[in-house]
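Let's take a walk through this model, from a strand to the ligand and on to the salt bridges. Keep the 3D view open as you read.

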Amino acid sequence: MAEVIVALDVQSTAEAVEKVRLIGDAVGFYKIGLELFTAEGPDVVKAVKDLGKKVFLDLKFHDIPRTVERAVRSGGKLGVDLMTIHSVGGRAMIRAAADAAAEFGANAPKILAVTVLTSLDQGDLADVGIVGRTPAEQVEAMAKFAVGNGANGLVCSPKEVGALSRALKAGTLFVTPGVRPAGAALGDQKRVATPAEAVRDGATHLVVGRPILAAADPAAAARAINAEIEGL
Ligand code: C5P
């Protein structure tokens, strides 16, 4: 069954721990991103792991292969379960990340690749020299490139996940933000899907922030999403 990952978009370890405790057994997986990690560092990862939860450390590494290899190793030592890299970092960088993760054997963090940030349009791609491909074509090309070089999966929007899950080998992870239960506030998300739509299209993990964190009863909101995707 697809798994819900709650985006811990809060500013402190104390707030993160409070949210994880409040949500309780309803969710076993949490995303720690740039804002929280830059504020609190590895301590927040340790705090969430100490509560018995899995951690998706979303720092989107993009650097020379040696640096990424060592950063992935640091994540593995912290016990993180998922980490992100940018696929445009190149073949050697992707392989370095995958090889460093593999050193942790059965506890290896899974490496997810970002293809094209959803904030970029055709004009933004042209600015950085990508011409002759639409954003969708660039997404698919980079997805195949990343998985072909050892990435375990992809971060992708609900609008991309259908095409990507058809184009890539079985067992690839598809981690999808931009998920909104029917009737939930969109916030700043524009192209959303319901949890059931995203999972039917092939998502293996759903990243959900505000629909759970800002709910009057976060545990109940998470349980409702679990119920929606159960058995799909
Ligand atoms: O609150 P919400 O459900 O919109 O949170 C979604 C999470 O997924 C946030 O942490 C956001 O940064 C992240 N994300 C996203 N869209 C992307 C990539 C990441 O919403 N394309």
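What follows starts with provenance and then goes through strands, ligand and charged pairs.

A word on the ground rules: this is a predicted model, so local features are reported only at pLDDT of at least 70 and side-chain atom pairs only at pLDDT 80 or more, while totals for chains, interfaces and linings use all residues. Residues are numbered from 1 along each chain as its sequence is written, and side-chain values use heavy atoms, with hydrogens and water left out.

Start with strand β1, residues 3-7. Helices (H or I, at least four residues) and strands (E, at least two) are DSSP runs, numbered from the N terminus. β1 is mostly covered, with 4 of its 5 residues buried; buried means under 20% relative accessible area, exposed over 50%, and partly exposed in between, using a 1.4 Å probe and protein chains only.

Which strands pair with β1? One is β8 (residues 205-208), which runs parallel to β1 and is joined to it by 4 bridges; pairing takes at least two DSSP bridges between two strands. Here E3 has H205 as its bridge partner. Another is β2 (residues 29-33), also in the parallel sense, over 2 bridges, and there V6 partners with Y30. To get from β1 to β2 the chain passes through helix α1 (residues 13-23), and this β-α-β crossover is right-handed: with the strands pointing away from you, the path from the first strand over the helix to the second runs clockwise.

Now for the ligand. Its surroundings (residues with a heavy atom within 4 Å) include A7, D9, K31, V207 and V208. A7 belongs to β1, given that strand's range of residues 3-7, and K31 falls within β2, residues 29-33. V207 and V208 sit in β8, residues 205-208. Some polar contacts (N or O pairs within 3.5 Å; within protein, one atom must be able to donate a hydrogen and the other to accept it, and residues adjacent in sequence count only if both atoms are side-chain atoms) are worth picking out. Polar side-chain atoms of D9 and K31 lie 2.8 Å and 2.9 Å from an oxygen atom of the ligand, respectively. For T118, a polar side-chain atom is 2.7 Å from a ligand nitrogen. Taken alone, the ligand exposes 460 Å², and the protein buries 77% of that (Shrake-Rupley areas with a 1.4 Å probe; for residues, only the protein chains shown count as cover).

K31 also turns up among the charged pairs, in a network of salt bridges with D58 and K60. A salt bridge here is a side-chain nitrogen of Lys or Arg within 4 Å of a carboxyl oxygen of Asp or Glu, and the whole structure has 8 of them.

R210, another residue around the ligand, meets D188 in a salt bridge at 2.7 Å, N to O. R210 lies in helix α10 (residues 210-213) and D188 in the loop between β7 (173-176) and α9 (195-200), so the pair ties together parts 22 residues apart in sequence. R210 is partly exposed at 43%, while D188 counts as exposed at 56%.

R73 and E103 come within 2.8 Å. Since R73 is in α4 (65-78) and E103 in the loop between α5 (91-102) and β5 (110-114), this pair links parts 30 residues apart in sequence. Finally, E140 and K144, at 3.1 Å, both lie in helix α7 (residues 135-148), about one turn apart.
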